[in-house]
Amino acid sequence: MELIGSFQFFFFIFMASMALLYMCCSLIYSFWVSPVLAYRKLKKYGLNGPSPSFPLGNLTEMKKKINVKSSSSSFGQPNSNIITHDIHSTLFPYFARWQSSHGKMFVYWLGTEPFLYIADPELLKKLSTEVTAKNWGKPAVFRRDRAAMFGNGLVMSEGDDWVRHRHVITPAFNPTNLKAMASLMVETTTEMLDNWRVLIDSGSQEIDIEREITATAGEIIAKTSFGISYQSGRLVYEKLRALQMTLFKTSRFVGVPFGKMMHPKKTLEARRLGQEINQLFLSIISARKKSIRESTQQHDLLGILLKQSEQGGFTKALTTQDLVDECKTFFFGGHETTALAITWTMLLLATHQDWQDQLREEIREVVGDKEIDVNMLAGLKKMGWVMNEVFRLYPSAPNAQRQAKGDIQVSDDLAIPSGTNMWIDIVAMHHDPALWGDDVNEFKPERFKDDIHGGCKHKMGYLPFGFGGRMCIGRNLTFLEYKIVLTLILSKFSFTISPTYCHSPSVVLSLRPSNGLPLVLHPL
Ligand code: HEM
């Protein structure tokens, strides 16, 4: 009896030791052997870059450089008259440094994850011809890290899943549906402008435009995406913003084994917020599912998706979880990017009064005293040039990411191994003098007068909305909103920069002014 007891004990110890050994081997393989093998493979293919260290990769150098940035002299000082648009080396000093020693394509490491850095449009062109949209992946490390924000929504989905989602969602952005959203945009913006007038009448001429425009874009996306008012959408909006900030704090060690454990509190908070947001969207969706059967008019994105899912049969249908993920994606992808494009435009127009006057004149000619009609917007040509130039200098989405799902033979002497993550540096290409000329950092909307590429020497050098089949699905919604909001603002106000403005662009997923945008407004 005693013998059996001690046999069971030793057997248990043996099994536990084996399990522990297996776990250790898996961890060593994932976090040491596999990265070393990947590194060797990349080197064999001729790809190199700054030397990584275990387990942080190149994060130490990246963080160190961020500190250098914040102590830089003229950048970020209040009352500074010099607003430089030469932002790449200040935003990403490490990329600028590595570019000077390794060129426009090199490998750097986020923890134990290798990333192929790309600021070479010719390489992008070759990749685009080799890989179809369906066969592009998104870096697994970001899919995991940002799961609470995007889930398996369009931004992060891959393969057949991506094809199905893109197929169902594309019609929601067709011109008829977008047209129907225009009146909501006019109504919401008019409310914001009425409020500005009240503020000015009560003595405060200076307004933080970034905060105002972001809230209005949030309201517009709440109405146009989910058919809910800003008031009822406010809870969703606040939780999503809180989630974004929390995730940003926890992602500083992205790619580092157990990196999330460096911020256990924030990680738990992000998970809790993610669950709460899912619940909120689930209740919005189930309420909409009930009402959809009674109504045929569904002009918001969620309504259109629900209708299509119901009519499209099994193959087209998005599951309720898919819909929750898409709602989050629309919200994250849709409001802040557009708000920032308008915000940066306001800064550039405030510092270029001649362009402010020219746009106002164009609005007078095209729209006059009439109500804005969507068909008129195409006539706002100069506004289009200004928009393109703002997207070039301050792209709201400063980078795009991809993952190779198989080996990619780029040329006879270059192949990218399966699993390689790619980081496409949009800011670098938009500020590259070799592509744009010596005036690359000047605000010159006329570049786009007769050329949709703005005179860029390579067609893939201007990518504010990404590239290929995975290009931004919401760009037409943005163009519409941009022109409507700007037309209304310019018709009612002129504006100058406040002396308290501090020019300090920073990246928190999107490219934003880190100290807001205070402007002095004058009613017209
Ligand atoms: C200024 C406004 C915007 C900018 C700068 C922007 C930028 C981008 C970029 C760079 C990508 C990645 C493309 C790639 O990987 O090649 C993207 C994808 C995407 N954007 Fe936008 N976007 C904007 C507005 C919007 C809006 C209004 C929506 C929706 C309401 C939206 C929804 C999406 C979605 C769903 C994707 C993923 C597309 C896919 O992978 O198939 N975006 N956007």
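Which residue does UniProt list for "binding site" in its unreviewed entry? That residue is Cys 472, and it makes a handy way into this structure, which is a predicted model.

**Cys 472 and the iron**

Let's start with the metal. The ligand carries an iron atom, and the only protein donor of that iron is the SG atom of Cys 472, at 2.3 Å. If you want to find Cys 472 along the chain, look in the loop between helix 19 (433-436) and helix 20. Is Cys 472 buried, exposed or partly exposed? It counts as partly exposed, because its relative accessibility is 29%, and buried would call for under 20%.

**The shell around the ligand**

Now step back to the rest of the ligand's surroundings. There are 27 residues around the ligand, and Cys 472 is among those that come nearest, together with Trp 162, Arg 166, Arg 402 and Arg 470. As for the character of this shell, its residues divide into 14 nonpolar, 9 polar and 4 charged.

Which helices supply at least two residues each to the shell? They are helix 8 (159-169), helix 15 (320-350) and helix 20 (475-492). Helix 15 gives the most, with 6 residues.

Some residues also have an N or O atom paired up with an oxygen atom of the ligand. Here are three such pairs:

| Residue | Where its N or O atom sits | Distance to a ligand oxygen |
|---|---|---|
| Trp 162 | side chain | 2.8 Å |
| Phe 467 | backbone | 3.1 Å |
| Leu 154 | backbone | 3.4 Å |

So Trp 162 turns up twice in this story: it is one of the residues that come nearest to the ligand, and its side chain has an N or O atom 2.8 Å from a ligand oxygen.

**A hairpin to look at**

Next, take a look at strand 1 (residues 105-110) and strand 2 (residues 113-118). The two run antiparallel and are joined by 6 bridges. Together they form a hairpin with 2 residues between them. One residue in that turn, Gly 111, has a positive phi of about 60°.

To see how the strands line up, pick out Met 105, which stands opposite Ile 118 in strand 2. How many of the 6 residues of strand 1 are buried? The count is 5, so strand 1 is mostly covered. As a general point, side chains in a regular strand alternate between the two faces of the sheet.

Key. Residues numbered from 1 in each chain as written. Predicted model: local features only at pLDDT ≥ 70, side-chain atom pairs only at ≥ 80, totals over all residues. Heavy atoms only, no water. Near = heavy atom within 4 Å. Polar contact = N/O pair within 3.5 Å; in protein donor to acceptor, adjacent residues only side chain to side chain. Helix = DSSP H or I, 4+ residues; strand = E, 2+ residues; numbered from the N terminus. Nonpolar A, V, L, I, M, F, W, Y, C, P; charged D, E, K, R; others polar. Donors = N, O, S within 2.8 Å, 3.2 Å for Na, K, Ca; no water. Buried < 20%, exposed > 50% of the residue type's maximum accessible area, 1.4 Å probe, protein only. Pairing = 2+ DSSP bridges. UniProt positions renumbered as here; feature names shortened; annotations may be inferred.
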